[in-house]
Amino acid sequence: METQAKQYVENFMAQIVAKNPNEPEFHQAVREVAESLAPYIVADPALQKLKVLERIAEPERVIIFRVPWLNDRGEIEINRGFRVQMNSALGPYKGGIRFHASVNLSIMKFLAFEQTFKNSLTTLPMGGGKGGSDFNPKGRSDNEVMKFCQSFITELYRHIGQDTDVPAGDIGVGGREVGFMFGQYKRLRDEFTGTFTGKGLGWGGSLLRPEATGYGLCYFAQEMLATRGETFEGKTVLVSGSGNVAQHAAEKATQLGAKVVTLSDSSGYIYDPEGIDAEKLAYVKLLKNVYRGRIKEYVDKYPSAQYFAGERPWGIKCDIALPCATQNELNGEEAKVLVANGCWCVAEGANMPSTPEAIEVFLANKLLYAPGKASNAGGVATSGLEMSQNSMRIKWSAEEVDAKLHSIMQNIHGVCLKYGTEEDGYVNYVKGANIGGFMKVAEAMMAQGCV
Ligand code: NDP
C-alpha cells in the first residue's frame with residue numbers, strides 16, 4: 001500500500017506540475033495534502049473513480065484583471081488583480097484579499113487551495129477562495145490606497161456577493177482597505193450586505209474579528225500544549241511578523257503567561273529579552289497600524305531590545321515558535337537551529353510559513369507542530385461568525401464571539417487528534433488537518449455530482 005500511495009502522489013503531482021507550470025507555491029501546498037491523503041485515496045475506489053482530489057486541485061474559476069488607477073502625482077499606475085474561486089462545495093467562496101508586491105497566480109492558488117481545507121475544518125458553511133493584487137500599499141497615501149481599492153472593486157464587484165464569494169483581509173489588507181473596498185462595492189451594487197468580512201465595528205463588523213487569527217492560534221496551541229500537560233505559563237515565545245496576526249498572537253500568548261521576545265518585518269527582527277508586554281505591544285500597534293512605521297523603531301523606544309537587520313528570529317532560544325509573517329519564512333536549517341535550542345512547539349499563524357524541509361525536521365523530532373490551515377483558522381471562523389451576524393442582523397458580544405472561537409479551535413484540535421494520532425501516540429497535525437479538512441469537502445463533492 002505504501003508503494004502504491006507513493007506512486008499515486010508522483011503520478012498526481014506530475015499532472016499538477018505539467019498543468020500549472022511555474023507555480024512552485026501551489027505545487028508545494030498540493031503535494032503536502034496529496035502525501036497525507038494518498039493512503040486513503042488508494043484504498044477507496046470511489047474517491048479515485050470520482051477524481052475528488054483532482055477536482056479539488058483545479059480551481060472552479062480564476063479571475064485575472066487589470067487595475068488601472070491614478071496616483072497622487074496624476075500618473076497612471078497599472079496593477080494586476082486576482083480572485084481564485086477554488087471550491088464552493090461547502091458554501092460561498094470565502095478567503096482574504098492580499099496586497100503585496102509578491103502576489104502572483106501561484107501564491108493566490110496555494111492560498112485558495114489551503115483555504116478550502118481550513119474553512120472545512122471550522123465546520124462553518126464556507127467554500128474556499130483567495131484574491132489580491134501585486135499592489136504594494138507601503139509608502140502610499142490614504143488617497144492612493146482608496147483610489148486603488150476603488151479600481152480593484154470596480155472589476156471584482158461583479159464576481160462577489162454575500163451568497164457567492166465573501167472576501168476579507170490578509171497581508172496588506174486591514175480595516176482601512178476593507179472599508180474602501182466595501183464602500184465601492186456598496187455604491188456599485190446599491191445594497192448593504194455582508195459581502196466583506198473584517199468590516200468596521202459600527203457598520204457590520206464582528207467584535208473580535210481583528211484579534212481572531214492570533215487569539216485562535218494561541219487557543220489552538222493551548223490545546224497542543226495540554227496534550228503534554230503543559231501551558232503557556234512561563235514559556236519563552238518567538239513571534240515573527242508584526243502585523244495583524246503577529247500582534248494578536250503576541251497579545252494572547254502574553255495574557256496566558258508567556259514571555260514573547262521577538263517580532264519582525266521584512267527588513268529584520270527585534271529581540272527584547274525582557275519580553276514584549278502589554279504596554280510595549282500597545283506601542284507596536286500604534287507604530288504599525290496608525291503610523292505605518294517599521295519594527296526597527298521599537299529599539300529607539302525600548303533600549304532593552306536589539307534590532308537585527310535582514311535576519312529572521314529563529315536563532316533565539318525559545319520553547320514555542322509562532323511564525324506569523326508569510327509563506328516559506330522558516331527553512332530546514334532554521335528549523336534545526338530551533339530544535340537544537342530546545343524549541344518543542346511550533347504553531348503557524350501565517351499560511352505555509354514552514355518549508356517542506358522545516359516540516360520534516362519538526363516531525364522527525366516529534367515536536368508539537370501545527371500547520372496554519374488548522375492553527376490559524378480562527379480568523380476565517382470569526383469571519384463566518386460575522387457572516388451569520390450580518391444575515392441575522394444582530395451583534396454578538398465579545399464574550400459570545402470569544403466563546404464560539406474558543407470552541408471552534410478546540411473542535412479543530414479534536415479533528416486533528418482523530419485523524420493524526422499515530423501508533424506510538426505522536427500527533428501528526430499535518431496529517432490530521434489534511435485528512436479532517438478533506439473528508440467534508442470530498443463527501444459534499446461526491447453528493448453534488450460531477451460539477
Ligand atoms: P499584515 O499585513 O498585517 O502583516 C504581515 C506581516 O508579515 C508584516 O509584519 C510584514 O512585514 C511581514 N511580511 C510580509 N511579507 C513578508 C516577507 N516576504 N518576509 C518577511 N516578512 C514579511 O498581514 P497579516 O498579519 O494579516 O498576515 C500574516 C500571515 O497570516 C499571512 O501569511 C496571512 O496569509 C496569514 N493569515 C492572516 C489572517 C488574517 O486574519 N489576517 C488569517 C489567516 C492567516 P512588512 O511590513 O515588512 O511587509
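Which of the 25 residues around the ligand come nearest? Select Asp 170, Thr 213, Ser 266, Arg 294 and Asn 351 in this predicted model, since these are the residues that come nearest to the ligand out of the 25 around it.

With the ligand still displayed, turn to its oxygen atoms. Show the backbone of Gly 172, where a polar backbone atom is 2.9 Å from an oxygen atom of the ligand, and then the backbone of Ser 242, where an N or O atom lies 2.9 Å from a ligand oxygen atom. Add the side chain of Arg 209, a polar atom of which lies 3.1 Å from an oxygen atom of the ligand.

Arg 209 also opens the next stop, because helix 8 covers residues 209-226 and its axis comes within 9 Å of the axis of helix 16, residues 398-420, the two crossing at roughly 45°. That angle makes helix 8 oblique to helix 16, and the crossing is right-handed. To see what fills the contact, select Ala 212, Tyr 215, Gly 216, Tyr 219, Phe 220, Gln 222, Glu 223 and Met 224 in helix 8, which meet Asp 402, Leu 405, His 406, Met 409, Gln 410, Ile 412, His 413 and Cys 416 in helix 16. Coloured by class, this contact of helix 8 with helix 16 shows 9 nonpolar, 5 polar and 2 charged residues.

Move next to helix 6, residues 142-156, and helix 7, residues 175-189, whose axes come within 9 Å and cross at roughly 45°. Helix 6 and helix 7 are therefore oblique to each other, and helix 6 passes helix 7 in a right-handed crossing. On the helix 6 side, select Asp 142, Val 145, Met 146, Cys 149, Gln 150, Phe 152, Ile 153 and Thr 154, and on the helix 7 side their partners Arg 176, Glu 177, Phe 180, Met 181, Gln 184, Tyr 185 and Leu 188. The residues of this contact between helix 6 and helix 7 comprise 9 nonpolar, 3 polar and 3 charged.

For the last stop, display helix 12, residues 332-340, together with helix 13, residues 356-364; their axes come within 7 Å and cross at roughly 25°. Because an angle under 35 degrees counts as roughly parallel, helix 12 is described as roughly parallel to helix 13, and the crossing in which helix 12 passes helix 13 is right-handed. Select Gly 332, Ala 335, Lys 336, Leu 338 and Val 339 of helix 12, and with them Glu 357, Ala 358, Val 361 and Phe 362 of helix 13, to bring up the residues that make the contact. By class, the contact of helix 12 with helix 13 holds 6 nonpolar, 1 polar and 2 charged residues.

How values were computed. Residues are numbered from 1 along each chain as its sequence is written. This is a predicted model: local features need pLDDT of at least 70, side-chain atom pairs count only at pLDDT 80 or more; totals for chains, interfaces and linings use all residues. Side-chain values use heavy atoms; hydrogens and water are left out. Axes are lines fitted to C-alpha atoms, for helices over the stretch in contact, and angles run from 0 to 180 degrees between N-to-C directions. Helices (H or I, at least four residues) and strands (E, at least two) are DSSP runs, numbered from the N terminus. Angles under 35 degrees count as roughly parallel, over 145 as roughly antiparallel, 65 to 115 as roughly perpendicular and the rest as oblique. A crossing is left-handed if the near helix is turned anticlockwise from the far one by less than a right angle, and right-handed if clockwise. Contact means heavy atoms within 4.5 Å. Ala, Val, Leu, Ile, Met, Phe, Trp, Tyr, Cys and Pro count as nonpolar, Asp, Glu, Lys and Arg as charged, and the others, Gly among them, as polar. A residue is near a molecule or strand if one of its heavy atoms lies within 4 Å of it. A polar contact is a pair of N or O atoms within 3.5 Å; within protein, one must be able to donate a hydrogen and the other to accept it, and residues adjacent in sequence count only if both atoms are side-chain atoms.
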